[in-house]
Every structure is written in structure tokens, then in C-alpha cells.
Amino acid sequence: MISCARLASIGSGMSRYSSLLRPASTISRVMSSHVQGRKTIITKIQSSNMSQGINDPNNHNWNLVYEGPLSKSVKYVKGFSLTTAAASIAGSPILVYFGKQSVPIVGKLAIAGLLCIIGNSTTVLLHWFSKAYVHKMYYDSTRQVFSAETSSFLGRLQRTDFEVKDIIFPQEESAFSTFEAKGKKFFLHQEMVEAQQVLHFLREAQM
């Protein structure tokens with residue numbers, strides 16, 4: 001037979017163990033919070049509550065969902081590169097006509113051509129690296145259409161509209177593009193929270 005002291009010790013041990021267990025209501029609240037948190041990422045894009053919209057002549061309800069942190073720097077560097085390229089082109093004839101008379105015309109043309117190649121090749125190379133950089137990205141929740149702003153060769157902003165079905169994610173990670181849509185590559189800073197939310201929504205929508 002089990003003594004009364006033994007029964008009392010067993011009862012106290014069971015009470016301590018039961019205090020460590022979460023009630024069923026607490027577990028259900030935790031699970032519902034996880035599910036709700038997962039849905040919040042998608043509803044942030046669908047409701048477009050991340051920022052205010054912009055004016056559109058077609059009355060589209062565009063709302064800003066992403067902005068590149070290096071947007072201004074890319075614009076400044078590209079503007080400076082275009083200025084140096086234009087200066088090299090404009091300065092080449094001046095170098096040929098007003099250069100030293102002791103230098104033969106062939107040498108002047110070679111130097112002028114070299115300056116043009118250096119000035120323009122760096123501009124072309126910079127455009128190749130920065131053409132996929134997304135300055136701003138908008139979303140129209142009524143039409144479920146995204147619009148990404150990138151810069152052209154002359155530094156002007158151009159917008160590309162695309163739907164979720166148009167997006168293709170690369171099989172291997174690329175340093176200069178995050179996804180592709182309508183034959184164009186786009187780059188987002190994936191370490192940003194806004195970019196993670198947008199990419200999560202795009203991947204969830206394609207499933």
C-alpha cells in the first residue's frame with residue numbers, strides 16, 4: 001500500500017508539471033497569431049497601406065510599396081557620367097583644331113578618339129549595371145498590377161507595368177537582378193523589409 005506521504009508527494013509533482021503546460025486557449029491564441037502574421041504580409045500589399053499613392057492621368061490607384069535606398073546616388077552618378085561623356089565628345093574637335101601644331105593630325109585624332117572611347121564606355125558600362133535598378137515600385141490593388149520605375153540611358157525615369165503572372169524568378173541568384181518581367185530585369189534590395197514583403201507576396205501569388 002502507498003502511504004499518505006507518498007501520495008502527497010506525487011500530487012505535488014503533478015501540480016508542478018501541470019503548471020508548466022499551456023492551456024488549450026493559450027495554444028490556440030499563439031497559433032492564430034502566427035497565421036494572422038503570415039496573412040498580414042499579403043494584406044499589406046493587397047490593401048496598399050504602406051504609403052500614399054501618386055497622381056495618374058488614367059485615374060489608376062497607384063500606391064508606393066518600395067523605394068530604392070540608393071536611388072538618389074544612382075541618379076547623381078549617372079548624371080555625372082553623362083556630363084563627362086558629353087564633354088569628351090564636345091572636347092574632341094577642340095583638341096584636334098586647337099592642339100599643338102607640332103603634334104601631327106593623326107596623333108590628335110588618336111588622342112581625341114581615345115578620350116571619346118573612355119568617356120562613353122564608362123557611361124555605357126554604368127547604364128548596363130544600373131538599368132535594372134528599381135527606384136520606386138507601385139501597386140494598384142484594384143487592377144492587381146505592379147509598376148516599376150527604372151532609369152533610361154539618358155537618366156530619365158521610365159515605368160514598366162506588369163502583373164504577377166508576368167514575373168519570372170531566376171533559378172540561380174544574380175547580383176544585378178531580382179526578378180524578370182516582360183523581358184526586363186529588375187533589382188530590389190532584398191535586405192529591406194519592403195522588398196521582402198513584395199517578394200513574399202509575389203511568390204505566394206504564383207503558387
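Strand 3 makes a good place to start: Val145, Ser147, Glu149 and Ser151 point one way from the strand, Phe146, Ala148 and Thr150 point the other way, and all of them are buried. That pattern fits the general rule that side chains in a regular strand alternate between the two faces of the sheet. Put as a tally, seven of the seven residues of strand 3 are buried, so that the strand is mostly covered. The model is a predicted one, and what follows works outwards from this strand.

On one side, strand 3 (residues 145-151) is joined to strand 2 by five bridges, and the two run antiparallel. Within this pairing, tyrosine 139 has phenylalanine 146 as its bridge partner in strand 3, while lysine 136 stands opposite glutamate 149. The two strands make a hairpin with four residues between them, in which glutamine 144 takes a positive phi near 55°. Strand 3 also pairs with strand 4 (residues 157-162), again in the antiparallel sense, over six bridges. Here serine 147 is matched with aspartate 161, its bridge partner in strand 4. This second hairpin has five residues between its strands, and glycine 155 in the turn shows a positive phi of about 90°.

Strand 2 (residues 136-140) is mostly covered too, with four of its five residues buried. Besides strand 3, strand 2 has strand 1 (residues 62-67) as a partner; these two run antiparallel and are joined by five bridges. One of the matched pairs is asparagine 63 with tyrosine 139 of strand 2. Tyrosine 139 is thus a bridge partner of asparagine 63 and also of phenylalanine 146.

The loop between strand 2 and strand 3 holds serine 141. Is this serine buried, partly exposed or exposed? Its relative accessibility is 23%, and because buried means under 20% and exposed means over 50%, serine 141 counts as partly exposed. Serine 141 also illustrates how the fold brings distant parts of the chain together: asparagine 61 is 80 residues away in sequence, yet the C-alpha atoms of the two are 7.2 Å apart in space.

Now for the packing. The largest nonpolar core has 20 residues, and the members that touch the most others are Met137, Phe146, Phe162, Phe179, Leu188 and Leu202. Two or more residues each come from strand 1, strand 2, strand 3, strand 6 (179-181) and helix 5 (193-206). Helix 5 gives the largest share, five residues. Methionine 137 shows how these pieces meet. Neighbours within four places in sequence aside, methionine 137 is in contact with Asn63, Leu64, Val65 and Tyr66, with Phe146, Ser147 and Ala148, and with Phe162, Phe179, Leu188 and Val198.

Stepping back to the whole protein, there are five helices and seven strands, and along the sequence the pattern reads α-α-β-α-α-β-β-β-β-β-β-α. Buried residues make up 29% of the 207. Among contacts with a separation of 6 or more, 55% link residues 24 or more positions apart. The protein exposes about 13,900 Å², of which carbon and sulfur atoms supply 62%.

Technical notes. Residues numbered from 1 in each chain as written. Predicted model: local features only at pLDDT ≥ 70, side-chain atom pairs only at ≥ 80, totals over all residues. Heavy atoms only, no water. Buried < 20%, exposed > 50% of the residue type's maximum accessible area, 1.4 Å probe, protein only. Contact = heavy atoms within 4.5 Å. Areas by Shrake-Rupley, 256 points an atom, 1.4 Å probe, with all protein chains shown as cover. Pairing = 2+ DSSP bridges. Core = buried A, V, L, I, M, F, W, Y, C linked by side-chain atoms within 4.5 Å.
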